[in-house]
Amino acid sequence: MRMRNKYRKPTTFHCNAGSRCSLSAVVWSLVGCLLMLHLYSLVCHKDGVGGDIQLRMSHHPLFRELEEVEEENIQIPPPRGKRSPRAAKRRPKRTTTLIDEFLDESSSLRHIFFPDMKTAIDPMNEARNNSFYYSPGRIWLDTEGYPIQAHGGGILYDEKSRTYYWYGEYKDGPTYHAHKKGAARVDIIGVGCYSSKDLWMWKNEGIVLAAEETNETHDLHKSNVLERPKVIYNEMTGKYVMWMHIDDANYTKASVGVAISDSPTGPFDYLYSKQPHGFDSRDMTLFKDDDGVAYLIYSSEDNSELHVGPLNQDYLDVTRVMRRILVGQHREAPALFKHQGTYYMITSGCTGWAPNEALAHAAESILGPWETMGNPCIGGNKIFGLTTFFAQSTFVIPLPGLPGSFIFMADRWNPADLRDSRYVWLPLTVGGAADGPLEYNFGFPLWSRVSIYWHKRWRLPYGWIGKK
Ligand code: GAL
């Protein structure tokens, strides 16, 4: 299913004269040394600063299991309804794909993509042996027994309270179309916040930034759009800062909004919205680097490219520095992470609520150049791989103590009833040679591979949970 080196460019070398041959021998030896060094760095699992080798995924028996490819065999049902022999003659039998079935509310496969409440994950009720298992796509209940409402979300680890906070779109309202051709939508209700010590059992902390009910000119008026909220902590000011995609119902405002709070559980005060660097901005995320510099990454120029730029010191605005990346690639839903000094990003294509193929990208500098490595999704089946497991990236959670191991967070959108969109959390690892294109290195893989493994059910190693 995975296409190795599908973007690799051909590299040919010619040798015409003796002197050039000896020069090329030197070049080749150098390239050989570089390759050896690179291979060495790939097999050497030393973790970044301090070389702190703890539970490494591929060494841990449980993670070896998680890297095994789990297949899905889903039979597409025959077309419904009887057809007269004449109709059958006129129009050949329509063959549906799994994507058609996924998007069809009345499909007999609906329960596979959107299993009902009977199969919900209820952390308060799970038998001991079932605890801590993620079940991508199943309804996930909070500690009070209600489905978690934190779509397009992101995670903040708060050092002070040693707690994880999950922020996302609270979409527990009716889905409707603002006009015939408009995307399905739910009025803004606000940003939901959930807290957890183990990334599995989540307590509802309420709506930490609420919609504006009456003032129609306010960015947060319920008729507008608030998507993909992300929160980071600013050490200098001691404030929690939230950035989000702010739009009107037609997605023409294309702005970012900023809000601020003294506490991770809010309430957040909404400050303002703007078009960063003077450009349209839709799907977005934040990334806080090890040196405390935070960056805004957003889809721009009508989603044809991404822009990345540092925030200023208090994280309340962008600076004048901005770089265009993945130009002409039409990517959105960016989720960034860093491993051993290299920046990685997962993005989706631009097909609204419908799922599409994820791509992994890598860069030495967050400002670019970024290279596209290929589709990181492994397992399920071909269509699972081509649809990001019927979901769309939103965030990647680093797992302290498990270098090279992350949780990939994605949304399985349900455009017929957006509040019932599901979460697809899966193990993501960085390691091994990349699939990669690699324009700058004679076609040798320069980056480690990013792999996201499909699992119906999986959990983090026992040793990790509760460590924090
Ligand atoms: C997607 C985007 C979502 C939401 C949706 C609306 O492309 O990633 O966050 O904006 O479009 O159709």
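Trainee: How far does a polar side-chain atom of Glu-332 lie from an oxygen atom of the ligand?

Mentor: In this predicted model, the distance is 2.3 Å. The cut-off for a polar contact is 3.5 Å between N or O atoms, so the pair falls within it.

Trainee: Which residues surround the ligand?

Mentor: Glu-332 is one of them, and the others are Ala-183, Glu-227, Arg-228, Tyr-251, Asp-283, Gly-352, Trp-353 and Gln-392. To count, a residue needs a heavy atom within 4 Å of the ligand.

Trainee: How do you know that Arg-228 and Gln-392 have polar atoms within reach of the ligand, and at what distances?

Mentor: Check each one against 3.5 Å. A polar side-chain atom of Arg-228 sits 3.0 Å from a ligand oxygen, and one of Gln-392 sits 2.9 Å from a ligand oxygen. Both values are within the cut-off, so both pairs pass. As for cover, the ligand on its own has 310 Å² of accessible area, and the protein covers 92% of that.

Trainee: What makes Glu-305 buried or exposed?

Mentor: Its relative accessible area is 5%. Buried means under 20%, so Glu-305 is buried. Glu-305 belongs to strand 13, residues 305-310. Leaving out residues up to four places away in sequence, Glu-305 touches Tyr-298, Ser-299, Ser-300, Arg-324, Ile-325, Leu-326, Val-327 and Gly-328.

Trainee: With which side chain does the side chain of Glu-305 make a polar contact?

Mentor: With that of His-307, at 2.7 Å. That is within 3.5 Å, so the distance test is met.

Trainee: Why is Thr-217 called buried or exposed?

Mentor: Its relative accessible area is 72%, and exposed means over 50%, so Thr-217 is exposed. You'll find Thr-217 in the loop between strand 6 (203-210) and strand 7 (225-234). The Thr-217 side chain makes a polar contact with the side chain of Asn-215 at 2.6 Å.

Trainee: And where does Leu-359 fall, buried or exposed?

Mentor: Buried: its relative accessibility is 9%, which is under 20%. Leu-359 lies in strand 17, residues 359-363. Leu-359 and Pro-334 are 25 residues apart in sequence, with their C-alpha atoms 9.9 Å apart in space.

Trainee: How do Cys-350 and Cys-377 count, buried or partly exposed?

Mentor: Cys-377 has 1% relative accessible area, so that one is buried. Cys-350 comes in at 33%, between the 20% and 50% limits, so Cys-350 is partly exposed.

Trainee: How many disulfides are there?

Mentor: Zero. A pair of cysteine sulfur atoms would have to lie within 2.5 Å to be called one.

Trainee: What does the whole chain look like in numbers, in helices, strands and buried residues?

Mentor: Six helices and 23 strands, with 53% of the 468 residues buried. Take the contacts between residues at least 6 apart in sequence: 55% of them join residues at least 24 apart. The chain exposes about 21600 Å², of which carbon and sulfur atoms supply 54%.

Trainee: What is the mean pLDDT of the chain?

Mentor: It is 86, and 79% of the residues reach 70 or more. Residues 1-21 have pLDDT below 50, though that stretch makes 31 contacts in the model beyond near neighbours in sequence. Residues 39-58 are also below 50, with 39 such contacts. Where pLDDT is low, don't read the predicted coordinates in detail.

Note on methods. Residues numbered from 1 in each chain as written. Predicted model: local features only at pLDDT ≥ 70, side-chain atom pairs only at ≥ 80, totals over all residues. Heavy atoms only, no water. Helix = DSSP H or I, 4+ residues; strand = E, 2+ residues; numbered from the N terminus. Buried < 20%, exposed > 50% of the residue type's maximum accessible area, 1.4 Å probe, protein only. Contact = heavy atoms within 4.5 Å. Areas by Shrake-Rupley, 256 points an atom, 1.4 Å probe, with all protein chains shown as cover. pLDDT = per-residue confidence, 0-100. Polar contact = N/O pair within 3.5 Å; in protein donor to acceptor, adjacent residues only side chain to side chain.
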